Amino acid sequence: MSATTAPRATAPNLQGARSSPHLLMPMTLLFALLIIAVLRSPNLVTNAGLGSAVIVAGPLILATYALMSTVVAGRGTVDLAIGPLISFINVTLIQLVAAGALGSPIVTFVYAVAVGMAYQLLMALIVIYIRVQPIIVSLSGYLALSGINLVILPRPGGVAPDWMASWGAGTSVFSPVMVVLILASVAWLLMTRTAFFTHLRLMGSDERAAYTSGIPITVVRIGAHLICGFFAGLSAICFTALIGSGDPGQGTTYTLISVTALVLGGASLGGGRASIAGSLIGAVDLYLITYVLSTFSFGGIQSFVTDLCYGAILVASLLLTLTLPVIQRTLGNFSSLLYFVVLAIVALGVVLHSTFPYATLGAPAATAATGLLEAEALRQTASAAPHDARIWAFVGILLLTLPLLARTLIVGAPRRGVGPVVYIVVVGLALLAVYLATHGYAVVSLGSAGR
Amino acid sequence: MTDVRNQAPAGSLPARIIGLLIAVVLTIASVGLGLYENLPAQQVILYSAATLALSAWIWRFYVIQFASGVEGAGELRNAWRKYRSGILGFLVLCGVFFLLSVTIDGFFNVWTVISALILLLIIILTMSVGRFMAENRSAFIGLMVLAGLFSVGSMNIDGFSSATNIKSMLLFASFLGLASIGQTLVALLGGLDLSIPYVIGAANVGLLYLTGLGVPPWIAFLLIMLAGGLLGVVNGFLSLRLQGQALIVTLGAGFVISGGTQIVTSIGSEYSGNVFGTVPDWLTNLSSMAGSTFGLPFPPVIAIWAVAALILIVGLRHTVYGRFLYALGVNRTSAERLFISERGYWVSIFGLSGMFSAFTGCLLLGWSGGGFIGVGSQYLFMTLAAVVVGGTSLLGGVGGYGFTVIGVLVLQVLTSFLVGIGLKFEWQQFIFGMLILPMVALYARSPHIRTQI
């Protein structure tokens, strides 16, 4: 294998580029689905479309995060009770609001997070001190919680607090759910920088090694469960905002979907390996599968076809992970970040294509991923059509091309330590994007002279 | 005890100071409470002094003596140490019983007291006798719980031990038992089969659809079994290659089969998803309450389950195939060194699992008389629960079908009991969840990490 031996001389330099190969599969699926979704229904990439996508996918993503923290802890701690727990917080919240005990957003947040954490603390103590297999503890929690949910709220109903009404509207990307999602992701990313997370991963991959090297495994395990409870509480809030009422029956669905998303994202159910990018992409994948399938119309057999395709895509994508070793061998040092950027550029090109107002232009525009040409075309024709999607796509392409260039330059350069520049560029571009998004219309009307 | 320290009965200085502090805090609290309640000053002083004296005395005589382990309290302390969990558990049980008696009207009567005593007896028996059973502890505990539940049920519920009720319990137990065969075998291998409920549903609808097309019922029956086995084989292949994600593979395959069946059955039918047709008489006889086996008044499915259980129990214990299955479950690498074909086992075991799931689906059609895709949905977690309660480890290599039979019976008698005392489905599920944990905790506690190094 010359490909693997060749870069050994510069190995320390290239380590950064070799990120998790487990992300390749979910990323491919993500962009394939995204392209199909955009071609089928360009509405997805408008402000409102993305907004509702965030609202719908939010609870799922947070539930996957929640599950991730216990899965990393090892011993096969797949918390089957995560769905019923979300449902439990949801129905108790609704009932408490109906009784007038909960009102303000802060109290509601504190309540949801506290219930989630308390439940998970109990689970952690049982796992640690009674020492039953975690899967049995979670199975027992699943049955008990789904039962008690139906007792608390026999059938879907009730009304969410007033302040949540705007949350579930989904008219704009910049919704509170988005803020919660971003904060949760950032919190998780910060957590991965701590010694606690290193201990957690060590414990997940080899608990005996962790114990003998003096890691307080009891504390670490409790911490993992508390984090799980925290994210479960957030997920329950977003779920309540999504459906705007109480629903005791969502337990099974959320458990199955979030476990699936986690596995699809490359996490190992054995413990020790999971990444936030993988979980995020896995959850979005699952959302997109349902979205794409909903754009097709099968009449009376819609739900059956959805089931069939859902299962088939799952199995097929898992099967494709078998080709990973081959890819690794042939491509050697394969950066999944670069792969992501390339795919994103292609996908954004498709987004531009599908939302482009050819009718007003009169001539077809290039859809290839060359940022500058697109920009010219955009400026000429930004007149009557929905501005939203095109601005987003344009900014996105710009955003993604620059780090691609920077990255290529840096990997080529012999000097180490230029890596941070990439991140600075990315952050700067992200700020620019936010600015453009808030002042988007102004920019476009500048371009189209005479508006 | 060896670790008795030679210390003064009064205890160490910090312990004394803490005791005194607690006493003072309690006293101040009692003064505050007295003033708040507007009591006469004399009473406040009297009670405060009494509180101070009493708390200091209690601290001195109990806490310090326990903590330092002096000669006088040594025996008491040792006894406490030895039976600590037992005494605490007993107190908790008494507390729960008291709470239930206070909160629920008509809960407290002779029968419930006797039932509680029986349960207590079972717990004591399992704790004392079960200690000496290393191998079949879970089976012993399961049997004890079964006996206890049955006796309590027949005392409290009219007609619980009648022939009809026992027959119906056995009927439902045999459905669950047949569905759990696959789950048990797969668990022995160290995997999980989540496709079982979907295969059951698909077989249920598919059989009715095929007979509706005019295929002779017995051929349709065999075809469905074959299809189930085939799906299982595919599952086995995929799960073997994708070890970490086997859970999702079987789930995905389940979605595919149930969605596919529904699509096929709803082509050319205006009732999408609903299949109508007539169930052959022999199938109805096979699994309905009124069925008879060679003239005997019980449905043949019970006999089928009994025979299958017998074959499996004996087969797992005494055939080479069975022993190798355990070998593979315990340690994959060493099994490979013995030239045990891993692929052969995964494929055949998953194939068996799919076949038995399809079989259960067909039998359920005979019981219900109409096809319904969701008929198996409760078996997703019930088969898991039966395997776990019985005592088969989900990690592979430990357990057997005999254990699962006990697990199935326990779950079934418990369901029947809960239905009998008039609990609704959600409460049943809640109590199920609450009971699985302590039952498993009685026999399946893993050792502390420090003993595994």
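**Entry 1: a glycine in chain B**

I started with G191(B), which is found in the loop between helix 6 (163-189) and helix 7 (196-212) of chain B. I kept in mind that this is a predicted model. Is G191(B) buried or exposed? I counted 26 C-beta neighbours inside 10 Å, so G191(B) goes down as buried, the cut-off for that being 20 or more.

Next I looked at who sits around this glycine. Skipping the neighbours within four places in sequence, I found G191(B) in contact with V186(B), S239(B) and A246(B). I also checked L240(B): it is 49 residues from G191(B) in sequence, while the C-alpha atoms of the two are 9.4 Å apart in space.

**Entry 2: two helices of chain B**

Staying in chain B, I turned to helix 5 (residues 137-156) and helix 16 (residues 401-420), whose axes are 9 Å apart and pack at an angle of about 20°. Angles under 35 degrees count as roughly parallel, so I noted helix 5 and helix 16 of chain B as roughly parallel to each other. The crossing of helix 5 of chain B past helix 16 of chain B is left-handed.

Which residues meet here? From helix 5 of chain B I listed several, including G142(B), L146(B), L149(B) and G153(B). On the helix 16 side of chain B, I picked out I406(B), G407(B), V410(B) and F417(B) among them. I sorted the residues of this contact by class and got 13 nonpolar, six polar and no charged.

**Entry 3: chain A as a whole**

Then I moved to chain A and took stock. I found 21 helices and zero strands there. Chain A has 451 residues, and 47% of them count as buried. I also looked at contacts between residues at least 6 apart in sequence: in chain A, 79% of these join residues at least 24 apart.

**Entry 4: helix 11 of chain A**

I picked helix 11 (residues 217-243) of chain A for a length check. With 27 residues at 1.5 Å a residue, helix 11 should span 39 Å, and its end C-alpha atoms are 39 Å apart, so the two agree. How many of the residues of helix 11 of chain A are buried? I got 21 of its 27, so I wrote this helix down as mostly covered. Just after helix 11 of chain A comes G244(A), and its phi is positive, near 65°.

**Entry 5: a helix pair in chain A**

I looked up helix 3 (residues 24-40) and helix 13 (residues 276-295) of chain A, whose axes come within 9 Å and cross at roughly 30°. Helix 3 and helix 13 of chain A are therefore roughly parallel to each other, and the crossing is left-handed. Among the residues making the contact I noted L30(A), L33(A), A37(A) and R40(A) from helix 3 of chain A, and I281(A), D285(A), L288(A) and T295(A) from helix 13 of chain A. By class, the residues of this contact come to 14 nonpolar, three polar and two charged.

**Entry 6: where the chains touch**

Last, I checked chain A against chain B: 43 residues of chain A are in contact with 46 residues of chain B. Which elements give two or more residues to the chain A side? I found helix 7 (134-152), helix 10 (207-212), helix 12 (251-264) and helix 14 (302-320) of chain A. Helix 7 of chain A gives the most, with 14 residues. The chain A side that touches chain B has 28 nonpolar, eleven polar and four charged residues.

Conventions:
Residues are numbered from 1 along each chain as its sequence is written. Chains are lettered from A and ligands numbered from 1 in the order in which they are written. This is a predicted model: local features need pLDDT of at least 70, side-chain atom pairs count only at pLDDT 80 or more; totals for chains, interfaces and linings use all residues. Helices (H or I, at least four residues) and strands (E, at least two) are DSSP runs, numbered from the N terminus. A residue is buried if 20 or more other C-beta atoms lie within 10 Å of its own, exposed if 12 or fewer, and partly exposed in between; C-beta atoms are placed from the backbone. Two residues are in contact if their C-beta atoms, placed from the backbone, lie within 7 Å. The expected span of a helix is 1.5 Å times one less than its number of residues. Axes are lines fitted to C-alpha atoms, for helices over the stretch in contact, and angles run from 0 to 180 degrees between N-to-C directions. Angles under 35 degrees count as roughly parallel, over 145 as roughly antiparallel, 65 to 115 as roughly perpendicular and the rest as oblique. A crossing is left-handed if the near helix is turned anticlockwise from the far one by less than a right angle, and right-handed if clockwise. Ala, Val, Leu, Ile, Met, Phe, Trp, Tyr, Cys and Pro count as nonpolar, Asp, Glu, Lys and Arg as charged, and the others, Gly among them, as polar.
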